[in-house]
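Okay, thanks everyone for coming. Let me put the sequence and the model up, and then I'll walk you through it.

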Amino acid sequence: MMEAMRSFFAWCSVINIAVLIFSSIFMVLMRGVASRIHARMFNLEESDISRSYFQFLAHYKMLIFVFSIVPYFALRIMA
């Protein structure tokens, strides 16, 4: 059971980190296009959208650490 949980959290971490990297690269390469689309969709300024992107990536990274990476290492220590 412990090995299955450890494997689950390891794969969750890998998948979440891949999504974070993909999202970061997408935001760097397509910032202008994405900002204009989201600014029109939500009736916001493009500068506010850029700040929101940064906050999203920062919060997502913290959530990955708290809910995927830390439980994985805790299970590794317990074994």
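Before I count anything, here's the rule I'm using for aromatic pairs: two rings of Phe, Tyr or Trp, taking the six-membered ring for Trp, pair if their centres lie within 6.5 Å. Planes under 30 degrees apart are called stacked, planes over 60 are edge-to-face, and the rest are tilted. And keep in mind that this is a predicted model.

So, how many aromatic pairs does that rule give? The count is four. Let me show you two of them.

One is Phe22 with Phe26, with 6.4 Å from centre to centre and 25 degrees between the planes, a stacked pair. Both sit in helix α1, which covers residues 2–29, and since they're four residues apart there, about one helical turn separates them. Is Phe22 buried or exposed? Phe22 has 58% relative accessibility, so it goes down as exposed. Phe26 is at 36%, so that one is partly exposed.

The other pair I want to show is Tyr72 with Phe73. Here the ring centres are 5.3 Å apart and the planes are at 65 degrees, so this one is edge-to-face. Why edge-to-face? Because the cut-off for that class is over 60 degrees, and the planes of Tyr72 and Phe73 are at 65. Phe73 comes out as partly exposed, with a relative accessibility of 48%.

Right, on to how the helices pack. Start with α1 and α3. Their axes come within 9 Å of each other, and they cross at roughly 160 degrees. That angle makes α1 roughly antiparallel to α3, and the handedness of the crossing is left-handed. What's in that contact by class? We get 19 nonpolar residues, five polar and three charged.

Let me go through some residues on those two helices, because they give you a feel for who faces whom. On α1 there's Arg6. Buried or exposed, for this arginine? Arg6 is buried, and its relative accessible area is 11%. If you skip the neighbours within four places in sequence, Arg6 touches Tyr72, Leu75, Arg76 and Ala79. So Tyr72 turns up again here: a contact of Arg6, and also the ring partner of Phe73.

Also on α1 is Met5. This methionine is partly exposed, at 32% relative accessibility. Met5 and Pro71 are 66 residues apart in sequence, yet C-alpha to C-alpha they're 9.2 Å apart.

Now over to α3, where we find Tyr60. Tyr60 is at 17% relative accessibility and counts as buried, because the cut-off for buried is under 20%. Which residues does Tyr60 contact, leaving out neighbours within four places in sequence? Those are Asn16, Val19 and Leu20. As for Phe26, from the stacked pair, its C-alpha is 15 Å from that of Tyr60, with the two positions 34 residues apart along the chain.

Lys61 is in α3 as well. With 42% relative accessibility, Lys61 is partly exposed. The C-alpha of Lys61 is 9.9 Å from the C-alpha of Ile21, and those two are 40 residues apart along the chain.

Okay, second packing. Helix α2 is residues 31–42 and helix α3 is residues 46–78; they pack at about 110 degrees, with axes 9 Å apart. That makes α2 roughly perpendicular to α3. The crossing of α2 past α3 is right-handed.

Who makes that contact? From α2 it's Arg31, Ala34, Ser35, Arg36, His38 and Ala39, and from α3 it's Glu46, Ile49, Ser50 and Tyr53. Sort the residues of the α2 and α3 contact by class and you have four nonpolar, three polar and three charged. For α1 with α3, remember, the split was 19 nonpolar, five polar and three charged.

Last stop: the loop between α2 and α3, where you'll find Asn43. What's the phi of Asn43? It's positive, about 55 degrees, although this residue isn't a glycine. Asn43 is also exposed, at 72% relative accessible area.

To recap, then: we have α1 roughly antiparallel to α3, α2 roughly perpendicular to α3, and four aromatic pairs. And it's all from a predicted model. Okay, over to you for questions.

Definitions and conventions. Residues numbered from 1 in each chain as written. Predicted model: local features only at pLDDT ≥ 70, side-chain atom pairs only at ≥ 80, totals over all residues. Heavy atoms only, no water. Buried < 20%, exposed > 50% of the residue type's maximum accessible area, 1.4 Å probe, protein only. Axes fitted to C-alpha atoms, helices over the stretch in contact; angles between N-to-C directions. Parallel < 35°, antiparallel > 145°, perpendicular 65-115°, else oblique. Left-handed = near helix turned anticlockwise from the far one by under 90°. Contact = heavy atoms within 4.5 Å. Nonpolar A, V, L, I, M, F, W, Y, C, P; charged D, E, K, R; others polar.
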